[in-house]
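Q: Could you take a close look at one part of this model for me, the salt bridges and what surrounds them?

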Amino acid sequence: MLEKLGLKRPSEVKEAYKSHKKRDETFHFNTILRLSKKFGAERISKEAAEALSEYLTEEFKRVIQDADKFSRHAGRKTVMPEDIELAIQRKK
């Protein structure tokens with residue numbers, strides 16, 4: 001009945017939302033393309049851009065999570081530049 005009206009079942013809507021949410025948690029394809037060109041790559045494949053996006057997203061999450069821990073340890077709710085610097089140094 002729902003399909004006849006052009007509507008999706010609730011489970012399909014939930015899956016579409018999860019898929020959309022996952023995409024929103026990575027760097028956008030066009031951002032990767034633009035930055036790749038800016039930094040010297042003449043062309044980059046979609047697969048390479050997706051791989052780079054996943055890597056950058058994971059690295060970004062790690063730095064932000066570590067920086068947040070440092071800021072909270074210092075009694076702050078706001079992440080400051082020194083928290084980011086410490087988080088980046090921690091990886092090295």
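A: Confidence first: the chain averages a pLDDT (the predictor's confidence in each residue, from 0 to 100) of 84, and 73% of the residues score at least 70. Helix α1 (residues 10-24) has the lowest confidence, with a mean of 57, while α3 has the highest, at 95. Helices here are DSSP runs of H or I, at least four residues, numbered from the N terminus. Since you'll be reading numbers off a predicted model, local features need pLDDT of at least 70 and side-chain atom pairs count only at pLDDT 80 or more, though totals for chains, interfaces and linings use all residues. Residues are numbered from 1 along each chain as its sequence is written, and side-chain values use heavy atoms, with hydrogens and water left out.

Now the salt bridges. A salt bridge means a side-chain nitrogen of Lys or Arg within 4 Å of a carboxyl oxygen of Asp or Glu, and by that rule there are 6. E59, R62, D66 and R90 are joined up in a network of them. Within that network, R62 pairs with D66, with the closest N and O atoms 3.0 Å apart. Both sit in helix α3, 4 residues apart, or about one turn of the helix. D66 also meets R90 in a salt bridge, at 2.9 Å from N to O. R90 is in helix α4 and D66 in helix α3, so this pair ties together parts that are 24 residues apart in sequence.

How covered up are these side chains? Take buried as under 20% relative accessible area, exposed as over 50%, and partly exposed as in between (1.4 Å probe, protein chains only). D66 is buried, at 7%. R62 is partly exposed, at 23%, and R90 is exposed, at 53%.

There's another salt bridge to look at, between D83 and R76, at 2.8 Å from N to O. D83 lies in helix α4 (residues 81-91) and is buried, with just 2% relative accessibility. R76 is partly exposed, at 25%. Contact means heavy atoms within 4.5 Å; setting aside neighbours within four places in sequence, D83 touches A67, F70, S71, R76 and T78.

Back on α3, it's also what the buried residues of α2 pack against. In helix α2 (residues 29-38), those buried residues are I32, L33 and S36. The opposite face of α2, turned away from the buried side, carries the exposed R34 and K38.

Key. Helix = DSSP H or I, 4+ residues; strand = E, 2+ residues; numbered from the N terminus.
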